[in-house]
Amino acid sequence: MAKIQTRPWDAADDLETEEDIVLYLEAAFEDGDPGLIAAALGDVARAKGMTTVAAEAGLGRESLYKALSPDGNPEFATVLKVLRALGLRLHASASSA
């Protein structure tokens, strides 16, 4: 029987367009899990270049990696700074539920 070879998947590798990024983050926000949202923002920041995003957000690269990890717990101000550095805005809309 042939062995199946797998490799780890990294979402950051597939976030190539602005549309990819927006749809990815929308899915994370729809889920509502804060850890997932932080990790998704981290994936997007890595896709764009963590060093660049950290500098534009006025944050340290290492602290940004930590805050946007699946176990991270970024302050809301950090989330807003990262979104701004990524050229994104947070929008509110009425819940359909």
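Colleague: Which residue just after α5 takes a positive phi?
Modeller: Bear in mind that this is a predicted model. Helix α5 covers residues 76-85, and the place to look is just after it. The phi there is about 80 degrees, and the residue that takes it is Gly-87.

Colleague: Staying with that part of the chain, is Ser-93 buried or exposed?
Modeller: Ser-93 sits in the segment after α5. A residue counts as exposed when its relative accessible area is over 50%. Ser-93 has 69%, so the word for Ser-93 is exposed.

Colleague: And how many Å apart in space are Ser-93 and Ser-63?
Modeller: In sequence, Ser-93 and Ser-63 are 30 residues apart. Going from C-alpha to C-alpha, their separation in space is 31 Å.

Colleague: Let's move into the helix. Is Thr-78 buried or exposed?
Modeller: Thr-78 belongs to helix α5. Leaving aside residues up to four places away in sequence, Thr-78 touches Leu-59 and Leu-64. The cut-off for burial is under 20% relative accessible area. Thr-78 has 15% relative accessibility, so Thr-78 counts as buried.

Colleague: Within what arc do the buried residues of α5 fall?
Modeller: The buried residues in α5 are Thr-78, Val-79, Val-82, Leu-83 and Ala-85. An α-helix has 3.6 residues a turn, so residues three or four places apart point the same way. Seen down the axis of α5, the buried residues line one face of the helix, because they fall within an arc of 160 degrees.

Colleague: Which exposed residues does the face of α5 turned away from its buried side carry?
Modeller: Helices are among what covers the buried residues of α5, including α2, α3 and α4. The face turned away from that buried side carries two names to look for in your viewer. These exposed residues are Phe-76 and Arg-84.

Colleague: How is α3 oriented relative to α5?
Modeller: The axes of α3 (residues 50-57) and α5 come within 8 Å and cross at roughly 115 degrees. Angles of 65 to 115 degrees belong to one class, so α3 is roughly perpendicular to α5.

Colleague: By class, what residues does the contact of α3 with α5 have?
Modeller: α3 passes α5 in a right-handed crossing. On the α3 side are Val-53, Glu-56 and Ala-57, and they meet Lys-81, Val-82 and Ala-85 in α5. By class, this contact has no polar residues, 2 charged and 4 nonpolar.

Colleague: How is α1 oriented relative to α2?
Modeller: Helix α1 (residues 18-31) and α2 pack with their axes 8 Å apart, at an angle of about 165 degrees. An angle over 145 degrees passes the cut-off, so α1 is roughly antiparallel to α2.

Colleague: How many nonpolar residues does the contact of α1 with α2 have?
Modeller: The crossing of α1 and α2 is left-handed. α1 brings Ile-21, Tyr-24, Leu-25, Ala-28, Phe-29 and Asp-31, while α2 brings Leu-36, Ile-37, Ala-40, Leu-41, Asp-43, Val-44 and Lys-48. By class there are 3 charged residues and no polar ones, and the nonpolar count is 10.

Colleague: Finally, what pattern does the protein chain follow along the sequence?
Modeller: The chain has 97 residues, of which 33% count as buried. Its C-alpha atoms fill a box of roughly 55 × 40 × 25 Å along the principal axes. There are 5 helices and 0 strands, and the pattern reads α-α-α-α-α.

Note on methods. Residues numbered from 1 in each chain as written. Predicted model: local features only at pLDDT ≥ 70, side-chain atom pairs only at ≥ 80, totals over all residues. Heavy atoms only, no water. Axes fitted to C-alpha atoms, helices over the stretch in contact; angles between N-to-C directions. Helix = DSSP H or I, 4+ residues; strand = E, 2+ residues; numbered from the N terminus. Parallel < 35°, antiparallel > 145°, perpendicular 65-115°, else oblique. Left-handed = near helix turned anticlockwise from the far one by under 90°. Contact = heavy atoms within 4.5 Å. Nonpolar A, V, L, I, M, F, W, Y, C, P; charged D, E, K, R; others polar. Buried < 20%, exposed > 50% of the residue type's maximum accessible area, 1.4 Å probe, protein only. Arc of directions from axis to C-beta.
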